[in-house]
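Please work through the following exercises with the sequence and the coordinates at hand. Each task is followed by a solution in steps.

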Amino acid sequence: MNPIIKDVPGDGQCMFSSIAYVILTLEKTKYPNMKEVLKYARKLRKITVFILKYYVDNMNLEYIYSLAGSYNNLADVNDNSSNGNNLSKTIEKAYEYIEIMKKKCTWGGSIEMKALEKYIHALGYKGIQVYEK
């Protein structure tokens, strides 16, 4: 099957739909229909949310600060002082970000791609390459 560049609607689900399209195409050796793509995209979003929550639950500070910073670029979130309340607020913001990511209209970005990396590798793929016009 020859590689193609496929336009995917920018609907808040586009990153997950793009990844789903490629995985389904490679697994089925045919181009999937949009219903199949959207179903798999929802699965990828759920996997991503699970992974992000796992990292926060297990105090992965890299993810906690990235998610909290993505949530709202609050000055106190980016303050790495030793104040214990600051870390609690940061963790709270990370969980709020995860709640927002559960919604199908929320677009994914580099944090979500990074979270999906091991899943994609477990399927036997090297990674993701993004093209923009």
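The exercises treat the fold, the nonpolar core, two residues of one helix and one pocket.

The model is predicted, so local features need pLDDT of at least 70 and side-chain atom pairs count only at pLDDT 80 or more, whereas totals for chains, interfaces and linings use all residues. Residues are numbered from 1 along each chain as its sequence is written, and side-chain values use heavy atoms, with hydrogens and water left out.

**Exercise 1.** State the secondary structure of the chain and its pattern along the sequence.

Solution. Helices (H or I, at least four residues) and strands (E, at least two) are DSSP runs, numbered from the N terminus. The chain has six helices and zero strands. Read along the sequence, the pattern is α-α-α-α-α-α.

**Exercise 2.** Identify the residues of the largest nonpolar core that touch the most other members, and the helix with the largest share.

Solution. A nonpolar core is a set of buried Ala, Val, Leu, Ile, Met, Phe, Trp, Tyr and Cys residues joined through side-chain atoms within 4.5 Å. Buried means under 20% relative accessible area (1.4 Å probe, protein chains only). Among the 30 residues of the largest core, Leu44, Leu67 and Leu116 touch the most other members. Helices H1 (14–28), H2 (34–57), H3, H5 and H6 each supply at least two residues of this core. H2 gives the largest share, 10 residues. Not counting residues up to four places away in sequence, Leu44 touches Phe16, Ile19, Ala20, Leu116 and Tyr119 (contact: heavy atoms within 4.5 Å).

**Exercise 3.** Determine whether serine 17 and threonine 25 are buried or exposed.

Solution. Serine 17 is found in helix H1 and counts as buried because its relative accessibility is 1%. Leaving aside neighbours within four places in sequence, serine 17 is in contact with Val8, Val37, Leu38 and Ala41. Threonine 25 also lies in helix H1 and is buried, with a relative accessible area of 8%. A polar atom of the threonine 25 side chain lies 2.7 Å from the backbone oxygen of tyrosine 21.

**Exercise 4.** Which helices each supply at least two residues of the lining of the second largest pocket, and how does the lining divide by residue class?

Solution. Helix H3 (61–72), helix H5 (84–101) and helix H6 (110–122) each supply at least two lining residues. The largest share, three residues, comes from H6. The lining divides into five nonpolar, five polar and one charged residue.

Key:
Nonpolar A, V, L, I, M, F, W, Y, C, P; charged D, E, K, R; others polar. Buried < 20%, exposed > 50% of the residue type's maximum accessible area, 1.4 Å probe, protein only. Polar contact = N/O pair within 3.5 Å; in protein donor to acceptor, adjacent residues only side chain to side chain.
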